[in-house]
Amino acid sequence: MTALPQNRANIGITFILIGILCISINDMLIKQLSGGYPLHEIVFVRSAIGVIITLFIVQIEGGWSILRTTTPGLHALRGLLIVVSNMSYFVALAALPLADATALFFAAPLFITLLSIPILGEKVGPLRIGAVLVGFIGVVIMQRPWADAGELAVSRLVLLLPVLSALTYALNQLMTRKLGVTSKASALSVYIQGMFILVSLSFFVIAGDGRFAEGSDNASVLFLLRAWIWPAPGDIWAFVGLGLNSAAVGYCLSQAYRMADAATVAPFEYVGLPLAVFWGWAIFSELPVLEVWIGIILILSSGLFVFLREQKKARMVARAKVKLR
């Protein structure tokens, strides 16, 4: 009776680890491209490639019939949430060091743990809630509320964008947990890819000529609103890599939150923090400042504590069931 749930949890953890690795590569590639291309062009190309790959997976998991749904509105809302999450994060990424943006985004697992209580009805004890609050203290330290605006390299709004991204991402993953009961991971991924394509094409129609970016020297504004251009030959590989990663991320994250409880899977997303520090150092010669290091340590510590408490609880439940046999 306990073997199947444990196996599903292990599979969910495997998928989340693969997904987070792909996300870290995705972030690195997008930061590389952010200085010359608009965000909506990058999103369109990667999603167009990603949806083609995902449709092949749809055929493997059951064919076109699995795309049918009785809750199109919820799938649309889930898609919009992940679009807001991605675009707010990537706009911040154009101006922030990779490790800073990623560390702030890692409020997401904290939000997931807290929001799983009212949305999924999962039980989270006072010690885990305390650990989550410690993680949020780390997020506040990285925001440096004591600093004057002139002391910050970017505006307060840019610093808050990864936190907005974290909140909308958390809501998206909790919806995945609910919708995943009746929908395959590939179908969930197709819906998201479709929403990305729709939103990016809308941006192209409204701002694709770059007129709203004229006269601005803000890196985030330029990344969001500059004109579409044809990719340089040397950048095509990056666009293709983004498409492959997009398919992998959409499928792996959807599968992870279908297979296991949100509170079990979410802490493994913290693997993205050391990966972000590595890519920032290796590719962009960036290292976090002291406040970011403190925030990373607090967030990692709280996440690991939450995970260990969850695992201890699972073992106790498993032993109790064995004794009842």
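**How the labels in this model are earned**

Me: How many aromatic pairs are there, and what makes two rings a pair?
Reply: The count comes to 11 aromatic pairs. Rings of Phe, Tyr and Trp (its six-membered ring) pair if their centres lie within 6.5 Å; planes under 30 degrees apart are stacked, those over 60 are edge-to-face, and the rest are tilted. A word on the setting: this is a predicted model, in which local features need pLDDT of at least 70 and side-chain atom pairs count only at pLDDT 80 or more, while totals for chains, interfaces and linings use all residues. Residues are numbered from 1 along each chain as its sequence is written, and side-chain values use heavy atoms, with hydrogens and water left out.

Me: Why is the pair of Phe44 and Trp228 called tilted?
Reply: The ring centres of Phe44 and Trp228 are 5.7 Å apart and the planes stand at 40°, so the pair is tilted. Phe44 sits in helix H2 (residues 39-61) and Trp228 in the loop between H9 (219-225) and H10 (236-259), so the pair ties together parts 184 residues apart in sequence. Helices here are DSSP runs (H or I, at least four residues), numbered from the N terminus, and strands are E runs of at least two.

Me: What makes Phe44 and Trp228 partly exposed?
Reply: Buried means under 20% relative accessible area, exposed means over 50%, and partly exposed lies in between (1.4 Å probe, protein chains only). Phe44 has 24% and Trp228 has 23%, so each falls in the middle range.

Me: Why is the pair of Phe105 and Tyr169 called edge-to-face?
Reply: The planes of Phe105 and Tyr169 are 65° apart, with 5.2 Å from centre to centre, and 65° is over the cut-off for edge-to-face. This pair also links distant parts of the chain, with Phe105 in H4 and Tyr169 in H7 (residues 156-179), 64 residues apart. Both residues are buried, and ring pairs join them with Tyr89, Phe90 and Phe106 in a cluster.

Me: How do you know that H4 and H12 are roughly antiparallel?
Reply: Axes are lines fitted to C-alpha atoms, for helices over the stretch in contact, and angles run from 0 to 180 degrees between N-to-C directions. The axes of H4 (residues 98-105) and H12 (residues 272-284) come within 8 Å and cross at roughly 165°. That makes H4 roughly antiparallel to H12, because angles over 145 degrees get this name (under 35 is roughly parallel, 65 to 115 roughly perpendicular, the rest oblique).

Me: Which residues of H4 and H12 meet?
Reply: Contact means heavy atoms within 4.5 Å. Leu98, Ala99, Thr102 and Ala103 in H4 meet residues of H12, including Leu273, Ala276 and Trp279. The contact holds 8 nonpolar, 3 polar and no charged residues. Nonpolar covers Ala, Val, Leu, Ile, Met, Phe, Trp, Tyr, Cys and Pro; charged covers Asp, Glu, Lys and Arg; the others, Gly among them, are polar.

Me: What makes Arg144 and Ser285 stand out?
Reply: Most residues other than glycine have a negative phi. Arg144, however, has a positive phi of about 50°, and phi of Ser285 is near 55°. Arg144 lies in the loop between H6 and H7, and Ser285 in the loop between H12 and H13 (290-324).

Me: Are Arg144 and Ser285 buried or exposed?
Reply: Arg144 has a relative accessible area of 16%, so it is buried. Ser285, at 68%, counts as exposed.
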